[in-house]
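The questions below take a new reader through one structure, step by step. Each answer gives its reasoning before the result.

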Amino acid sequence: MEQSGRGWFSFAGLPDGALDGRRFRAAIFDFDGTLATSMWVWMDIDRQFCREQGLTLPEGYADDLMGLGFEGAAQYFIDQLGCTLSLEECCAAFNRLAFHRYAHEVRLKPGAATFLRKLQERGVACGIASSLNRTLLQAALRNNGVDQAFSAICLCDEQGTHKGLPTIYLETARQLEVDPGECVVFEDIVLGVGSAQAAGMCAVAVLDEGNEAQDTAQVQRLADGWIRDFRGLI
């Protein structure tokens, strides 16, 4: 990453060089699978939740859940798997199973904390656009020491949307007071990359081997550039 004047930054070091020289005023990050290595948490939780509720996970279920908000995932277990809990009870169960992991075990990807610090030093606006819920997200950010790094945190459930629409990215840019065309979005799923681009933003794919539902070739092909972690951007 090269300094491009206060409040701007440009890339140097993307593997394909696709965005070298492009200048941005804001960086927007997904969290699960993008900033953090955390998809393993949900695979564990889905299995544990189904054991507790006597449910069977179908093949390919992770694809169905991709990009849904917290409540959307809970509704899937009710509508598609026959869970008899209410929506609120499902969400509470997910929170119970996930909180310790997010508060103590989820770690940022290599180079992420340093990259965020460098962006702050340059006065670049940073935001999060995630389908995670606020309780778990804030616990993970605090545990990794980056809870002060973001000027805006926009969450799908709170905005009544999902990653299949550009809404969450546009709202994050609005809160950061930056034009969409001045934003770069870091995402790990095809749905998020496509929606960020539909919002008029550049999208950098973060290839996440821990995400079994990620179509690595497709997300890499669709994105404006790609990385495996954040070390190459420093």
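Q: Helices are DSSP runs of H or I with at least four residues, numbered from the N terminus. Which residue just after helix α9 takes a positive phi?
A: The model is a predicted one. Helix α9 covers residues 190–198. Just after α9 there is a residue with a positive phi of about 90°, and this is Gly-200.

Q: Which residues of helix α9 are buried?
A: Buried means a relative accessible area under 20%. Ser-195, in helix α9, has 4% and is therefore buried. The buried residues of α9 as a set are Gly-192, Val-193, Ser-195 and Ala-196.

Q: Against which elements do the buried residues of α9 pack?
A: Ser-195 gives one view of the surroundings: among the residues it touches, leaving out those up to four places away in sequence, are Lys-163, Gly-164 and Tyr-169. For the buried residues of α9 taken together, the packing partners are α8, β9, β10 (202–206) and α10 (216–222).

Q: Which residues are joined with Lys-163 into one network of salt bridges?
A: Lys-163 forms a salt bridge with Asp-30, their closest N and O atoms being 3.0 Å apart. Lys-163 also meets the side chain of Glu-187 in a salt bridge, at 2.6 Å from N to O. Since salt bridges that share partners make one network, Lys-163 is joined there with Asp-30 and Glu-187.

Q: How many residues apart are Asp-30 and Lys-163?
A: Asp-30 sits in the loop between β4 and β5 (36–37). Lys-163 sits in the loop between α7 (156–159) and α8. The pair thus links distant parts of the chain, and the separation is 133 residues.

Q: Is Lys-163 buried or exposed?
A: The cut-off for buried is under 20% relative accessible area. Asp-30, at 5%, counts as buried, and Glu-187, at 0%, is buried too. Lys-163 has a relative accessibility of 2%, so this residue counts as buried.

Q: Arg-25 and Glu-182 meet in a salt bridge; how many residues apart in sequence are the parts that this pair ties together?
A: The count of salt bridges comes to eight. One of them has the side chains of Arg-25 and Glu-182 at 3.1 Å, N to O. Arg-25 lies in the loop between β3 (23–24) and β4, and Glu-182 in the loop between α8 (167–176) and β9, so the parts tied together are apart in sequence by 157 residues.

Q: Is Arg-25 buried, exposed or partly exposed?
A: Its partner Glu-182 is buried, with a relative accessible area of 18%. Buried ends at 20% and exposed begins over 50%. Arg-25 has 31% relative accessibility, so it counts as partly exposed.

Q: How is the pair of Phe-29 and Phe-186 classed?
A: The structure holds 17 aromatic pairs. In this one, the ring centres are 4.9 Å apart and the planes are at 5°. Planes under 30 degrees apart count as stacked, so the pair of Phe-29 and Phe-186 is stacked.

Q: In which strand does Phe-186 lie?
A: Phe-29, buried at a relative accessible area of 0%, lies in strand β4 (residues 26–29). Phe-186 also counts as buried at 0%. The pair ties together parts 157 residues apart in sequence because Phe-186 lies in strand β9.

Q: How is the pair of Phe-77 and Phe-94 classed?
A: Phe-77 lies in helix α3 (residues 70–79) and Phe-94 in helix α4 (residues 87–104). Phe-77 is buried at 0%, and Phe-94 is buried at 2%. The ring centres are 5.6 Å apart and the planes are at 65°, so the pair is edge-to-face.

Q: On which residue is the kink in α4 centred?
A: By span, the 18 residues of α4 should reach 26 Å at 1.5 Å a residue, and the end C-alpha atoms are 26 Å apart, which agrees. The buried residues of α4 include Phe-94, Leu-97 and Ala-98, and what covers the buried residues includes α1 (39–53), α3 and α6 (134–143). The kink in α4 is about 40°, and its centre is Ala-98.

Terms used. Residues are numbered from 1 along each chain as its sequence is written. This is a predicted model: local features need pLDDT of at least 70, side-chain atom pairs count only at pLDDT 80 or more; totals for chains, interfaces and linings use all residues. Side-chain values use heavy atoms; hydrogens and water are left out. Rings of Phe, Tyr and Trp (its six-membered ring) pair if their centres lie within 6.5 Å; planes under 30 degrees apart count as stacked, over 60 as edge-to-face and the rest as tilted. Helices (H or I, at least four residues) and strands (E, at least two) are DSSP runs, numbered from the N terminus. Buried means under 20% relative accessible area, exposed over 50%, partly exposed in between (1.4 Å probe, protein chains only). A salt bridge is a side-chain nitrogen of Lys or Arg within 4 Å of a carboxyl oxygen of Asp or Glu. Contact means heavy atoms within 4.5 Å. The expected span of a helix is 1.5 Å times one less than its number of residues. The bend at a residue is the angle between axes fitted to the seven residues ending there and the seven starting there.
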